[in-house]
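Me: I would like to learn how to read a small sheet in a model, going from the turn outwards to the pairing and the edges. Could you take me through it with the structure in view?

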Amino acid sequence: MPLYEYFCEDCQKEFTLLQTTDVNKEGTECSECGSNNTRHQFSSFAAKIQGKPLADLQKPATLDDFPNKDIFKIPPARHISEL
Ligand SMILES: [Zn+2]
């Protein structure tokens, strides 16, 4: 069963539910206050299925993201006559 994220308009809380794909998402009740004034948050769900929060995906790659840092150790330039 997939995880679905919802936002409750009444108590302004986000909650996550395990639901079957054929459930009626319009009538989902808030797990906090029981209101069915809830919104299905598809974009947030889509970002999380990739295993990382969206903020992580947007951050530029750093040296720590590479398993082999030695590839960045370029040997010092030599004068052409030394070759
Ligand atoms: Zn609520």
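**Reading the sheet**

Reply: This is a predicted model. A hairpin is a good place to start: E1 and E2 form one, with 5 residues between the two strands, and Gln12 in the turn has a positive phi of about 60 degrees.

Me: How many bridges join E1 and E2, and in which sense do they pair?

Reply: Strands of a sheet pair through backbone hydrogen bonds, and the pairing is either parallel or antiparallel. Here strand E1, residues 3-8, pairs with E2 in the antiparallel sense over 5 bridges. To follow the register, take Tyr4, whose bridge partner in E2 is Leu17, and then Tyr6, whose bridge partner in E2 is Phe15.

Me: What lies on the covered face of E1, and what on the uncovered one?

Reply: The covered face of E1 carries Tyr4, Tyr6 and Cys8, whereas the uncovered face carries Leu3, Glu5 and Phe7. Of the two tyrosines with the bridge partners named above, Tyr4 and Tyr6, both therefore belong to the covered face.

Me: Which residue in E3 stands opposite Phe7?

Reply: Phe7 stands opposite Arg39 in E3, and this belongs to the pairing of E1 with E3, which is antiparallel and runs over 3 bridges.

Me: What is the strand order of the sheet, and which strands are at its edges?

Reply: The sheet is open and has 3 strands in the order E2-E1-E3, with antiparallel pairing. Its edge strands are E2 (14-18) and E3 (38-40), each of which pairs on one side only. Neighbouring strands of this sheet are turned by 35 degrees against each other on average, with direction ignored.

Terms used
Residues are numbered from 1 along each chain as its sequence is written. This is a predicted model: local features need pLDDT of at least 70, side-chain atom pairs count only at pLDDT 80 or more; totals for chains, interfaces and linings use all residues. Two strands pair if DSSP finds at least two bridges between them. Helices (H or I, at least four residues) and strands (E, at least two) are DSSP runs, numbered from the N terminus. Axes are lines fitted to C-alpha atoms, for helices over the stretch in contact, and angles run from 0 to 180 degrees between N-to-C directions. A residue is buried if 20 or more other C-beta atoms lie within 10 Å of its own, exposed if 12 or fewer, and partly exposed in between; C-beta atoms are placed from the backbone.
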